[in-house]
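Thanks for coming. I will take this one from the overall numbers down to single residue pairs, so please keep the model open while I talk.

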Amino acid sequence: MFKSVSELTPQEIYRYLVGGIVPRPIAWISTQNSDGVQNLAPYSFFTVASVNPPVLAITHIPSRAQAEKDTLKNLRSNLQCVINIVSAAQTQSANASSQPLANHESEFKTFDIASTPSQQVSPDSVADSKVRYECQLRDIVEVSTGGQLILVELIGIFVDDDLIQDGVINSAKLDAVGKMGGDEYSLTRELIKAKRPD
């Protein structure tokens, strides 16, 4: 099967992208609106854009109901966020927090997700997340009405002490989940090794 993109609707393109580009890491992003309400939402179009300086990239895809989700609105006004990494035990909570709420409602409170104050930014962190990246907005690239590329600069890193082994994060202990297509998630509990060639 081959499809020319020019013959596909945006919804069809989206389904081919999320079904084939897998597994995707999940950025569970906490932000704060201008009234101090804490927002939390998962984004699976997420990666590292740069290491020096450390910059993370998230793609914001508008929903059918709204052109800008609360996360993007809050980042435009507050300029700060925390990217919480989702472990397997948090999958259902992260999924629940994707439900659209009014901007004055907090996903932390609505879905009973424990929060904790962050160290260097005003948005709260997810208390149970074992890895958390505190970030400052660097840029929003307006790709089109179909998406914005959000670049955030890393200013602080929290890693649960139990995860550190020989100075690095133990992936097995992190037990992160990845997003697949549709309603499916993948586990990272079965790991294989392939030594990088010299």
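Contact here means heavy atoms within 4.5 Å. On that footing, among contacts in the protein chain between residues at least 6 apart in sequence, 60% join residues at least 24 apart. Keep in mind throughout that this is a predicted model.

Some overall figures. The protein chain has five helices and 14 strands. Its radius of gyration is 17 Å, close to the 16 Å that the globule rule gives for 198 residues, so the chain is as compact as a globular protein of that length. Along the principal axes, the C-alpha atoms fill a box of roughly 50 × 50 × 35 Å. As for burial, 40% of the 198 residues count as buried.

Now the seven-stranded sheet. In what order do the seven strands of this open sheet run? The order is 3-2-6-9-10-5-4, and the pairing is antiparallel. Strand 3, residues 38–43, and strand 4, residues 46–51, stand at the edges with a single partner strand each, so one side of each has no neighbour in the sheet. On average, neighbouring strands of this sheet are turned by 35° against each other, direction ignored. As a general reminder, strands of a sheet pair through backbone hydrogen bonds, either parallel or antiparallel.

Let me walk through some of the pairings, starting at strand 4. Strand 4 and strand 5 run antiparallel and are joined by five bridges. The connection between strand 4 and strand 5 is a hairpin through two residues. Within this pair, phenylalanine 46 stands opposite isoleucine 58 in strand 5, and valine 51 has proline 54 of strand 5 as its bridge partner.

Is strand 5 mostly covered or mostly uncovered? Mostly covered: five of the seven residues of strand 5 are buried. Strand 5 also pairs with strand 10, antiparallel, over six bridges. There, valine 55 stands opposite glutamate 153 in strand 10.

Strand 10, residues 147–159, pairs in turn with strand 9, residues 131–144, in the antiparallel sense over 12 bridges. Tyrosine 133 stands opposite isoleucine 157 of strand 10. One side-chain arrangement to look at is arginine 132, whose charged end sits over the ring of phenylalanine 158, 3.8 Å from its centre.

Next, the helix on this sheet. Helix 2, residues 70–78, lies across strand 2, strand 3, strand 5, strand 6, strand 9 and strand 10, and runs at about 50° to strand 2. Which residues of helix 2 are buried? They are Asp70, Thr71, Leu72, Asn74, Leu75 and Asn78. In general, an α-helix has 3.6 residues a turn, so residues three or four places apart point the same way. The buried residues of helix 2 pack against strand 2, strand 3, strand 5, strand 6, strand 9 and strand 10. After helix 2 comes leucine 79, with a positive phi near 70°.

There is also a three-stranded sheet. This open sheet has the order 1-13-14 with antiparallel pairing. Its edge strands are strand 1, residues 24–25, and strand 14, residues 185–187, and each of them pairs on one side only. Strand 13, residues 177–179, pairs with strand 14 in the antiparallel sense over three bridges. Lysine 179 and tyrosine 185 are worth a look together. Tyrosine 185, in strand 14, is the bridge partner of lysine 179. In addition, lysine 179 lies over the face of tyrosine 185, at 4.9 Å from the ring centre.

Last, the aromatic rings. How many aromatic pairs does a search of the whole structure find? One. The rings are those of tyrosine 14 and phenylalanine 45, with centres 6.5 Å apart and planes at 50°, so the pair is tilted. Tyrosine 14 lies in helix 1, residues 10–20, and phenylalanine 45 lies in the loop between strand 3 and strand 4, so the pair ties together parts that are 31 residues apart in sequence. The cut-offs matter for the next point: buried means under 20% relative accessible area, exposed over 50%, and partly exposed in between. Tyrosine 14, at 43% relative accessibility, therefore counts as partly exposed.

That is what I have; I will take questions now.

Conventions. Residues numbered from 1 in each chain as written. Predicted model: local features only at pLDDT ≥ 70, side-chain atom pairs only at ≥ 80, totals over all residues. Heavy atoms only, no water. Pairing = 2+ DSSP bridges. Helix = DSSP H or I, 4+ residues; strand = E, 2+ residues; numbered from the N terminus. Axes fitted to C-alpha atoms, helices over the stretch in contact; angles between N-to-C directions. Phe/Tyr/Trp six-rings, centres within 6.5 Å; stacked < 30°, edge-to-face > 60°. Buried < 20%, exposed > 50% of the residue type's maximum accessible area, 1.4 Å probe, protein only. Lys NZ or Arg CZ within 6 Å of the ring centre and 35° of its normal. Rg over C-alpha atoms; globule rule 2.2 N^0.38 Å.
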